[in-house]
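User: Hi! Could you walk me through this structure with a few questions and answers?

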Amino acid sequence: HTFVHNSLMVQGFMAKLLCDKDRLSTLISYKLGLHGPSLFVRTACSTALVGVHLACRALLTGECSIAVAGGVSISSHALPGYYHANDMIYSSDGHTKTFDAESDGTMFCNGAGAIVLKKLAHAERDKDHIYGIIKGSAINNDGAEKIGYTAPSVEGQHHCIKQAQKVSKVGIDSIKYVEAHGTATNL
């Protein structure tokens with residue numbers, strides 16, 4: 001009887017560990033035998049891009065030779081609906097139309113994505129298929145200078161872009177793509 005009780009306690013403990021979002025990265029590292037930094041990052045809407053930024057830094061400092069960065073958003077609760085209000089975050093028609101002139105809000109959903117990162121010289125040496133090259137990145141927080149708690153300031157965005165450009169050592173004329181996040185709100 002004691003053995004069964006202890007076994008159930010161990011199973012319950014392990015189930016709790018395996019379902020804990022904060023342990024996802026270390027679980028993947030354990031299962032795949034990965035070494036180096038294994039971090040869980042949560043920065044609201046910027047989580048996945050901050051993870052990519054940190055992975056790039058770990059590659060540059062030699063903490064790892066390959067990095068996996070990504071993001072997951074899964075809700076166990078069905079969204080029954082929401083109330084749309086002008087100038088708030090939720091879309092009036094249930095669609096997110098980022099950077100569209102007719103956008104008026106966003107929708108939240110479930111999803112996951114990950115990328116594998118290497119230094120360019122190593123990827124070329126290993127004959128990897130290269131989908132893109134990250135030349136630089138930066139992150140910041142503009143404190144009380146923001147337009148509002150959930151919206152950045154123009155100055156903060158400008159500073160962050162300048163930092164990324166400085167790190168990348170590229171001229172403004174050579175920039176062909178800038179990763180951006182947009183909630184599709186009027187702002």
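Analyst: Happy to! Let's start with a term: a residue is buried under 20% relative accessible area, exposed over 50%, and partly exposed in between. Please keep in mind that this is a predicted model.

User: Is Lys-97 buried, partly exposed or exposed?

Analyst: Its relative accessible area is 24%. Buried would need a value under 20%, and exposed a value over 50%. Because 24% falls in between, Lys-97 is partly exposed.

User: Which residue forms a salt bridge with Lys-97?

Analyst: A search of the whole structure finds six salt bridges. In one of them, the closest N and O atoms are 3.0 Å apart. The partner has a relative accessible area of 39%, so this residue too is partly exposed. The residue that pairs with Lys-97 is Asp-93.

User: How many residues apart in sequence are the parts that Asp-128 and Lys-118 tie together?

Analyst: The side chains of these two meet in a salt bridge, at 2.7 Å from N to O. Asp-128 lies in the loop between α4 and α5, whereas Lys-118 sits in strand β2, so the pair ties together parts whose separation in sequence is 10 residues.

User: Which residues are linked with Lys-118 in a network of salt bridges?

Analyst: Asp-126 forms a salt bridge with Lys-118, with the closest N and O atoms 2.6 Å apart. Asp-128 also meets Lys-118 in a salt bridge. The network that holds Lys-118 links it with Arg-125, Asp-126 and Asp-128.

User: What is the span of helix α3 between its end C-alpha atoms?

Analyst: Helix α3 has 15 residues, numbered 47-61. The expected span is 1.5 Å times one less than the number of residues, so α3 should span 21 Å. The distance in the model agrees with this: 21 Å.

User: Which strands do the buried residues of α3 pack against?

Analyst: The buried residues of this helix include Val-50, His-53, Cys-56 and Leu-59. The buried residues of α3 pack against β1 and β2.

User: What is the angle between the ring planes of Tyr-90 and Phe-108?

Analyst: The structure holds two aromatic pairs. Tyr-82 and Tyr-90 are stacked, with 4.7 Å centre to centre and 25 degrees between the planes. Tyr-90 and Phe-108 form an edge-to-face pair with centres 6.0 Å apart, and the angle between their planes is 80 degrees.

User: Which residues do the ring pairs link into a cluster?

Analyst: Tyr-90 pairs with Tyr-82, and Tyr-90 also pairs with Phe-108. The ring pairs therefore link a cluster made up of Tyr-82, Tyr-90 and Phe-108.

Definitions and conventions
Residues are numbered from 1 along each chain as its sequence is written. This is a predicted model: local features need pLDDT of at least 70, side-chain atom pairs count only at pLDDT 80 or more; totals for chains, interfaces and linings use all residues. Side-chain values use heavy atoms; hydrogens and water are left out. Helices (H or I, at least four residues) and strands (E, at least two) are DSSP runs, numbered from the N terminus. Buried means under 20% relative accessible area, exposed over 50%, partly exposed in between (1.4 Å probe, protein chains only). Contact means heavy atoms within 4.5 Å. Rings of Phe, Tyr and Trp (its six-membered ring) pair if their centres lie within 6.5 Å; planes under 30 degrees apart count as stacked, over 60 as edge-to-face and the rest as tilted. A salt bridge is a side-chain nitrogen of Lys or Arg within 4 Å of a carboxyl oxygen of Asp or Glu.
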